Each structure stands twice: as C-alpha cells, then as structure tokens.
Amino acid sequence: MRILAFESSCDETAAAVLERKDGKLTVLSNIVASQIAIHAKFGGVVPEIASRAHSEAISGITYEALETAKCTMDDIDAIAVTNNPGLIGALLVAVNFAKSLAYAYQKPLIPVNHIKGHIAANYICHPELKAPFIGFIASGGHTSIVRVEDPRTHVLIGGTRDDAMGESFDKVARVMGMPYPGGAALDKLAYEGKNPVKFPSAAVRDDTLDFSFSGIKTAVLNLINQEKQKGGELPRADIAAGFVEAAVSSVITKLGMTFDRNPDMKTLVLAGGVAANSHLRTALEKFTKKRGLKLYMPDLCYCGDNAAMIGAAAFFEYDAGNFADVSLNAYAYSV
Ligand code: KG4
Ligand code: ZN
C-alpha cells in the first residue's frame, strides 16, 4: 500500500511517497522545496510570501515525488496532507491541492496533524518504536511535551508559554548577525565558547511542565545591546555557548519532572527541527542513560519539516479509517 503525502504548514513545500509492505515502512521519495532563501532577507517567514511560494512549488514537487518513487497516481492508494497546525494560508495550499487530487483520482484523503507527523518521523527511522512514550517536540513553531498513548493519541502535558525553542534560537542568531534560520549556526558556534555566559533558565519555575523561551532570548538580546554600547567586541561564541547551555538544561529540567511524574513511561522520543541540535542530542543521551530510559531520535534528514513524516503518521489514520471529504479545512491551531 502506498501513500502520497503533502506538507506546507510553514516554509517548506514537501511531497513524499511511502510504501507499507508486510508491515514494513519504506520511504520511496521525500522531496522538500525549501523557501529559506526567499525568507532569509526578511529575517523570518513572511506568511503571504510562503503561501505564494507553496503554490508555485507544489505541482513540480508532486511530479518529482512520483517520478523518484517510480509511481503514477494509479500506484497510490491514499493521499495525506497536513491540515493543522501552521500558517493558515500556507496550510491551505497543500490541503486544496491534496483535495483536488483525491477528488480527481478518487482516492481516500487523510488529514494529518503536523506535530504527530514530527513524532512519526521516528517510526520511519526506528521501526521497532512502540507507544506509549513521552514525546518532546521542538521546532520553529512548537515546543511541546506529550504523552503518546498510541500513535493517534497525544496528550499535551507541557509546552512553551511564548516563543518556541527554535524561534528563540533563530532570534538570538539574528541579533548576532547570522542568516535566518540561525539554529544550526548557533549549534556550531557554541562549541567555540570557552567561557559560556550565564543566562536564565527557560524552564518556568513552577509546578508545570512549561517553558518560557522569551525570557532567555530577552536576556541574550539585552547583553548583546550592552556589549554593543560599550563598543567592545561581542563574545559571540561565549554567548552562543551560554544560550545553548541554558536552553538545553531547561529541557532536561522539565523532562526530569516529566519522567518523575509519569513513572509508567520508559521511553523518550525527540522530534522537530531542533531535534537536529547536537548539544540537545548529547544531553538527552546522557539524561536517558542515567535514568535507564530508552531514547529515540530521528535521523537528521527527518528532523525538519518534510512530507515523509506526514505519510508515516497517515498510515495510522488510514488503519483507523480517519478519512476526510472534500470539505476538509485547515486550522492554525492543533486539532
Ligand atoms: O521543524 P522545522 O523544520 O519547522 C517548524 O515546524 O517550525 O524546524 C525549524 C527550526 C528552526 O527554528 C531552526 O533554526 C531549528 O529548527 N533548527 C535548529 C537546528 N537545526 C534546525 N535549532 C537548533 N539547532 C540546530 N542544529
Ligand atoms: Zn515542523
């Protein structure tokens, strides 16, 4: 059985073909058209421009995904699409495209939640992964701790109250003069910091499993402004090292509380664009080893937005018979 999947919730237009044979999932193609170059000059994603760029790219990447998978629409059994959460105008492009294809070719249409998609990247990389587990998803738009009871049932138990983790990386990188999105560049630069600057934690100091990444970001911005006023050279690497250290240790703090409160959970699954952060990956390896937990992380190519992860999540929806008709809508929030 084969699924053609689409993703356009933010600034990547993506299409993929996945095959499930004898219970084994294979990614036959995974095409991502990134808009980073378009948005870089604005220092962030411009929603209107993102929607237009999705419209331009989506037909071409669909051909490419089918061609790479050596398929025609006759070989496709269902069509999946991210319909929440994300930028509404961006989501609507792939939703309408998928609806039209499903209607024209009379294929079942499967709506997929983007966050469940990020988690599902791990089912591609680790076929042995089984729920229940704790999921930590961090990207440019989301930061959530979820109890994954089964692949379709995610219970939100913690998250950010303001900026997403990736967003804070990008904003800090931007004021340090790095091009958008600067998360990966900060990750690298942090290794050069010999005297990491101390920044406040993003773990909210209360009983919740919540984060506030805006506080840590503001502390970095204030420090950079002070240093600029003094006219001295910015200790860029030490700032990067301090910021990364504070961000990563905040995650460890809240995940520690999470596992203390959920003793039935023995597995941690990381997902989202920030899952590519090498410091976070190393810290989580140590954290899970110390606590005797299992850790699953997606391969780097499946951390950022892609359609293969949407296809992987869609197989569970297909099995559950969760199909949409042509009235399918898109939602900015998680449904
Ligand atoms: O999942 P994603 O592609 O898009 C959203 O759903 O938002 O995540 C993109 C985010 C950006 O904020 C980017 O800076 C961040 O992931 N990111 C990283 C790294 N690689 C990508 N953040 C920290 N370290 C990295 N190595
Ligand atoms: Zn994402």
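A residue is taken as exposed when its relative accessible area is over 50% and as buried when that area is under 20%. By this criterion K70, with a relative accessible area of 74%, is exposed in the predicted model described here. K70 is placed in the loop between α2 (47-68) and β4, and its phi is positive, about 55°, although the residue is not a glycine. A positive phi also occurs at D22, where the value is near 50° and the residue is again other than glycine. D22 belongs to the loop between β2 (12-21) and β3 (24-34) and is exposed, its relative accessible area being 83%.

Two cis peptide bonds were examined. The bond from N84 to P85 is cis, with omega near -25°, and P85 is located in the loop that joins β4 (78-84) to α3 (88-105). The bond from Y180 to P181 is likewise cis, with omega near -15°; P181 lies in the loop between α5 and α6 (183-189).

Helix α5 comprises residues 165-175. Its buried residues include M165, G166, S168, F169, D170, V172 and A173. Among the elements that cover these buried residues are β6 (133-138), β7 (143-150), α6, α7 (213-230) and α8 (236-261). The helix is followed by G177, which has a positive phi near 85°.

Within α5, D170 merits separate description. The residue is buried yet takes part in no salt bridge, and K171, the nearest side chain of opposite charge, is 9.1 Å away. The side chain of D170 instead reaches the backbone nitrogen of G182 at 3.3 Å. Leaving aside residues up to four places away in sequence, D170 touches Y180, P181, G182 and G183. Its contacts thus include both residues of the cis peptide bond from Y180 to P181.

The zinc ion (ligand 2) has as protein donors H114 (NE2), H118 (NE2) and D305 (OD), at 2.0 to 2.1 Å from the ion. Along the chain, the donors follow the spacing H-x3-H-x186-D. H114 and H118 both belong to helix α4 (residues 114-125) and are 4 residues apart, about one turn of the helix; both are buried. The site has 4 donor atoms, and with angles of 94 to 142° among them it is irregular.

Side chains of opposite charge can pair when their charged atoms come close. In this model, 15 salt bridges are counted. In one of these, the side chains of R20 and D319 meet at 2.8 Å, N to O. R20 lies in strand β2 and D319 in helix α10 (residues 308-320), so this pair ties together parts that are 299 residues apart in sequence. R20 counts as partly exposed, at 25% relative accessibility.

A further salt bridge joins D206 and K254 at 4.0 Å, N to O. D206 lies in the loop between α6 and α7 and K254 in helix α8, so the pair connects parts 48 residues apart in sequence. D206 is partly exposed at 32% relative accessibility, whereas K254 is buried, with a relative accessible area of 1%. Both residues belong to a network of salt bridges that links R161, D206, D210 and K254.

D207 forms a salt bridge with R261, the closest N and O atoms being 3.0 Å apart. Because D207 lies in the loop between α6 and α7 and R261 in helix α8, this pair ties together parts that are 54 residues apart in sequence. D207 is exposed, with a relative accessible area of 58%, while R261 is partly exposed at 40% relative accessibility.

Note on methods: Residues numbered from 1 in each chain as written. Chains lettered and ligands numbered in written order. Predicted model: local features only at pLDDT ≥ 70, side-chain atom pairs only at ≥ 80, totals over all residues. Heavy atoms only, no water. Helix = DSSP H or I, 4+ residues; strand = E, 2+ residues; numbered from the N terminus. Buried < 20%, exposed > 50% of the residue type's maximum accessible area, 1.4 Å probe, protein only. Lys, Arg positive; Asp, Glu negative; His and termini not counted. Polar contact = N/O pair within 3.5 Å; in protein donor to acceptor, adjacent residues only side chain to side chain. Contact = heavy atoms within 4.5 Å. Donors = N, O, S within 2.8 Å, 3.2 Å for Na, K, Ca; no water. Tetrahedral: all angles 85-135°; square planar, octahedral: opposite > 155°, others 65-115°.
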